[in-house]
Amino acid sequence: MASNHLYLVDGSGYIFRAYHRLPPLTNKHGEPVGAVYGYTAMLWKLADEVHKADGPTHMAVVLDKSSHTFRNELYDKYKAQRPPPPEDLIPQFPMIRDATRAFSLPCIEEEGWEADDLIASYAKAALAQGWQVTIVSSDKDLMQLIEPGLDMYDTMNNRRLGAEAVVEKFGVMPHQLGDVLALMGDSVDNVPGVPGVGPKTASKLILEHGDVEAVLAAAPTMKAGKLRDNLIEHAEMARLSRKLVELASNVPLPDPLEDLALKGIPEAPLRAFLDHHGFKSLLMRLGGGGGGVDAPQPAPASTIELPADPPCDHDAYESVTDLAALDRWVEEATARGFVAFDTETDGLGAMARLVGISLATAPNRACYIPLGHGGNDLLSETPEQIPTDQALARLKPLFEDPAVLKIGHNAKYDISILGRQGVSVTPVDDTMVMSFNLDAGLHGHGMDELAATHLDHSCIAFKDVVGTGKSQKGFHEVPLREATRYAAEDADVTLRLWRRLKPRLSPEHVTRVYEMVDRPLVPVLSGMEREGIKVDREELARLSAEFSGQIVELEKEIHAIAGVPFTIGSPKQLGDILFDRMGLKGGRKGKSGVYSTDVNELERIAADKDGGPGVEMVRKVLDWRQLSKLKSTYTDSLQAEIKAETGRVHTSYSLTGAQTGRLSSNDPNLQNIPIRTEAGRRIRDAFVAEPGNVLLSADYSQIELRLAAHMADVPQLREAFLRGDDIHNMTAQELFGEVNRDTRARAKTINFAILYGISRWGLAGRLEIAPDEAQAMIDRYFDRFPGIRNYIAETLSSVRECGFTTTLFGRKTHFSRIKSSVQHERQGAERAAINAPIQGTSADIIKRAMARMGPALRDAGLPDVKMLLQVHDELVFELPEGDVERAKPVIERVMATAAEPAVTLSVPLGVEIGTGLSWGAAH
DNA sequence: TCAGTCACG
DNA sequence: GACGTACGTGACTGAT
């Protein structure tokens, strides 16, 4: 029997070469696809190799994931001045993954390693097993690896490269190539080498002396001249270069060798991929594809017109209750290379109980696998169903198969549920996130709404299945046939949405934000939700009791002053008491005829120096309000949120809740835990670490102002941040010519006003000055910082033209009211549009930091550091006390460099870190 | 279900 | 001249 033969494809290297060799082709959707076309054709060629006697039995595509590797630690200039990839190549990177998936091949990439290192490690492991290895690449660095049993294959020239090719090109054997490359250096990668030494001299030196160290040792004895001097003077650079060109061959393999076995290419996903891009000649080779020209045609971007799918047929859905049927579904999904899925649970949140799983592979081809139906209710009979552990044992390989794309709608939730069952889910697409990236601001992204919008289909309402109010049942009590109709429909609709939304990503230019920001975050958030954070119930109970006593006391006093008992919590009653009964002046009624009693209004009254009983009462009402708020929203409610299983509180993050791209947190909201007042801060002290651990809080300092300085190009602000100056002092100096407490406070207010889109009245209200004065101040700000004026003008003109704003990472937010004929609607949209790119870019950056944090900590040997919370510009971690000092620099680095390499900022990102036994203490 | 209020960045 | 004129959230309360 022939031995195994592993093909390792250097995907990253290939795409750059293909980009420069092939014309700038565009597919029918207007997407640049030249390199993708070349890459696809290359995979095709490799697929043909399978049939040859010596062909591959195992294959993987290896890609570069991170820009930061151990080589950057050795030499900070390594690859530092590489120009960013060409604009029209960037969107092609994610398409490479799509192409790879269409061929059902695993994609290997790992944070902290270059593709070359992974290739070297896989090659070494395979050779050790006695396998043959072929590296599909023509990269000179990889030629070092050539040895008996390992060759290279340059698909562009159709050439096999063995040791003789290395001798021909460099004059040395492959095992000496590293030494030659080190002496030569590489200007593209910024490997320094030795000045004046090129390939010829390098190979001569190495042939003569053996390796770099021997050359350096012999240098003093060489004949006097430039070469000798350079070798002596740059010896250290030569040694460094030797380390830089060395390939790491002991990287832990992300996927075991056996998983790279070729399984054949399922036709459907490949056809879908080729069809999407209009790669006609390849389609023809697949058989049945239309004729016509070979290369994709240049064409303007247009909306994708898919033929309408058949309507949802609920009777076509299958209830899967035996293993044979389940195996058929797993097999079909594996063959297709993608599957839509959904989980049904009792209750909500990451800690809910799994009741069933649905799958869909094509419109109306969907099933429901009941797992936890019946059971704890005597009235409902337990239907026949596969025991959960058996079903999951069959489903686990599917959910974990790197060659099968799992499509979910709000997949974060399903990943949590399955994760608790020991099943990880990867790779994942999420139609809710896709919709958000495409259409944020236009409509919601719930499945029911999207089904109505895109599919003209109205989904079975959940409450029609489980009922409402007292008679509401758990999903496990829903009869099997009905549960199947509902659950399988969800998977079916998810699949249909995916077929509509996925092809829109690239032509609408949101591939980058989807692939680089939001999609990688889905499993990360899932993990954070499952992790939860420990809350000290007794501490909260103590606070509740304490607040309660004060509230009762205040209530008595307020009623005594009013002379009549009333509901203090009713703004209507309170307004009537204050302004009518007690005769306080300045009461303003809103359109509903109720006096305003918000905190601004009450504080205005409370500030009255010679206040009568009314003023005294208002002060007590303010205290009462604060304590009631803290008690009802935090100290009482949070106790109820502690889950018995974990003793921790598990929030749920919404990726699609905030129009700007921020996350939001709910059930409970852990992004608005008090901090600004003393009473409130005590609530933060109830968020604690497990024994032996501490909490670490890391926050970006002034990130939005820094981004404004970069995006609006304000030199004074930029330089102040570079110097590390106090930014509000700087603004005060610019605006008022002197810095004191008052001018700093006013400057701070104006700086924030700028971020939020300013109006003279708004600023006037905040600063308690006349609108005219506020306007003068705004004018002065614009005169000192003209970049801000330009930024606002450009942002507005662009949002008026396109209807959306974009962040530095390409995130869109749509503003349909930007053209409203109602002035205050239009002006509101304008203010939001000015803010959205800044707030959104900040959100993009921290999201990237979050996606990179886990791998970075793991690579640093800190697997026990857990990321628990995100609060817009802050990340909260729990970690063993002994890990703190090692974790700090890793966290700091990941956060500070999170924009790179996609975006290069002209201001540094400052990160502040604190630790303590409680969240309060970590600040 | 809405409006008002207030906790956070 | 008015817009309860700063952006983005979620939870709770009382009133309907």
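Chain A is divided into four parts: domain 1 (5-164 + 248-260), domain 2 (314-518), domain 3 (546-649) and domain 4 (704-836). These bounds come from an automatic or database domain assignment. Between the C-alpha centres of domain 1 and domain 3 there are 65 Å.

Some ground rules will help you read on. This is a predicted model, in which local features need pLDDT of at least 70 and side-chain atom pairs count only at pLDDT 80 or more, while totals for chains, interfaces and linings use all residues. Residues are numbered from 1 along each chain as its sequence is written, chains are lettered from A and ligands numbered from 1 in the order in which they are written, and side-chain values use heavy atoms, with hydrogens and water left out.

UniProt, in an unreviewed entry, lists residues 680-883 as "domain: DNA-directed DNA polymerase family A palm". UniProt positions are given in the numbering used here, feature names are shortened, and annotations may be inferred rather than shown by experiment. Over residues 680-883 the chain is 61% helix and 14% strand, with its end C-alpha atoms 30 Å apart. Helices (H or I, at least four residues) and strands (E, at least two) are DSSP runs, numbered from the N terminus.

Now to the DNA. Which residues come nearest to DNA strand B? Of the 22 residues around the strand, they are Ser-592, Val-599, Ile-675, Arg-676 and Asp-873; a residue counts as near if one of its heavy atoms lies within 4 Å. Sugar and phosphate make up 78% of the atoms of DNA strand B that come within 4 Å of the protein. Helix H26 (residues 613-641) gives the most to this surface, with four residues.

Three polar contacts (here, pairs of N or O atoms within 3.5 Å) show how the protein meets DNA strand B:

| Residue | Protein atom | Atom of DNA strand B | Distance |
|---|---|---|---|
| Lys-629 | side-chain N or O | base oxygen | 2.8 Å |
| Ile-675 | polar backbone atom | phosphate oxygen | 2.6 Å |
| Asp-873 | polar side-chain atom | sugar or linking oxygen | 2.6 Å |

Finally, a sheet. Four strands form an open, antiparallel sheet in the order S22-S23-S19-S24, where two strands pair if DSSP finds at least two bridges between them. Strand S22 (866-870) and strand S24 (910-916) stand at the edges with a single partner strand each, so one side of each is left without a neighbour in the sheet. Strand S19 (residues 693-701) runs antiparallel to S24 and is joined to it by seven bridges. Ser-701 stands opposite Gly-910 in S24.

Methods:
Polar contact = N/O pair within 3.5 Å; in protein donor to acceptor, adjacent residues only side chain to side chain.
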